[in-house]
Amino acid sequence: MDEQLTTADLVDLRHLVDAYADAVDRLDEKAFASLFTPDGVLRVQADGAAVESQWSGPELAGSFEPLRPYHRTFHHVGGATFGPSPEGAQGRVHCLAHHYQRTANGPVDLVMMIRYHDRYTRTGDAWRIAERRVAIEWTELHPAHPSRRRAG
């Protein structure tokens, strides 16, 4: 491809990365897998480091296993930049991911500052993730305070 992305492409790519965060937070494996190409790859790997974990194709659902100990997650997609590439498009996406867990010492929030390095391919009329490298830049662990809902 390697041609300029249209405004519609940019909107569609942003929708794709937002849909990824939503599918992860809902633990919706079917919606999650639909965002990738059939041979799509998801890899956890810091810049210049060895691959920590990798899933591809039908194995993508296995990427949810590390999330199962958490009561809930909250992925906030921040800045994202997209550009053309020979295969379609590429992107760099910032994400602040909260992982709420109930522990014997009280609830905690594991916060991950993540940078996604992506390659996208257009399949038919939709963009899909061909490859996503998850680079966890740093983490923080905080006590968490669950919301208190009022009756009435």
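A salt bridge is taken here as a side-chain nitrogen of Lys or Arg within 4 Å of a carboxyl oxygen of Asp or Glu. In the predicted model examined here, E137 and R115 meet this criterion through their side chains, with an N to O distance of 3.2 Å. The two residues belong to distant parts of the chain, E137 to strand β6 and R115 to strand β5, and are 22 residues apart. E137 is partly exposed, at 33% relative accessibility, and R115 is likewise classed as partly exposed, with a relative accessible area of 25%.

The strands that carry this pair belong to an open sheet of six strands, arranged in the order β2-β1-β6-β5-β4-β3 with mixed pairing. Its edges are formed by β2 (53-56) and β3, each of which pairs on one side only. From one strand to the next, the twist averages 15°. Strands β5 and β6 run antiparallel and are joined by 16 bridges. Within this pairing, V134 of β6 is the bridge partner of Y116. The hairpin of β5 and β6 has two residues between the strands, and G124 in this hairpin adopts a positive phi near 65°. Strands β1 and β6, by contrast, run parallel and are joined by five bridges. Bridge partners in β6 include V134 for V44 and R132 for L42. V134 is thus a bridge partner of both V44 and Y116.

Helix α1 spans residues 7-25 and comprises 19 residues. The distance from its first C-alpha to its last is 27 Å, close to the 27 Å expected at 1.5 Å a residue. The helix lies across β1, β3, β4, β5 and β6, and runs at about 155° to β3. Its buried residues are D9, L13, L16, V17, A19, Y20, A21, A23 and V24. The elements covering these residues include α2 (29-34) as well as the strands β1 (36-44), β3 (72-85), β4 (88-103), β5 (106-123) and β6 (126-143). After the helix comes L27, which has a positive phi, near 50°.

Strand β6 also contains R132. This residue is buried, its relative accessible area being 0%, a value that falls under the 20% limit for burial. The side chain of R132 makes a polar contact of 2.7 Å with that of D118. When residues up to four places away in sequence are not counted, R132 touches V17, Y20, F36, V41, L42, R43, V93, Y116, H117, D118 and Y120. Among these neighbours, V17 and Y20 are also buried residues of α1, and L42 has R132 as its bridge partner in β6.

Under the criterion given at the outset, the model contains 11 salt bridges. One of them joins the side chains of R133 and D47, with an N to O distance of 2.9 Å. This pair links distant parts of the chain, 86 residues apart, with R133 in strand β6 and D47 in the loop between β1 and β2. R133 counts as buried because its relative accessibility is 15%, which is under 20%.

A further salt bridge is formed by E131 and R119, whose closest N and O atoms are 2.9 Å apart. E131 lies in strand β6 and R119 in strand β5, so the pair ties together parts of the chain that are 12 residues apart in sequence. The partners fall into separate accessibility classes: E131 counts as buried at 18% relative accessibility, whereas R119 is partly exposed, with a relative accessible area of 30%. Salt bridges that share partners also join D22, R26 and D28 into one network.

How values were computed: Residues numbered from 1 in each chain as written. Predicted model: local features only at pLDDT ≥ 70, side-chain atom pairs only at ≥ 80, totals over all residues. Heavy atoms only, no water. Helix = DSSP H or I, 4+ residues; strand = E, 2+ residues; numbered from the N terminus. Expected span 1.5 Å × (residues − 1). Buried < 20%, exposed > 50% of the residue type's maximum accessible area, 1.4 Å probe, protein only. Contact = heavy atoms within 4.5 Å. Pairing = 2+ DSSP bridges. Axes fitted to C-alpha atoms, helices over the stretch in contact; angles between N-to-C directions. Polar contact = N/O pair within 3.5 Å; in protein donor to acceptor, adjacent residues only side chain to side chain.
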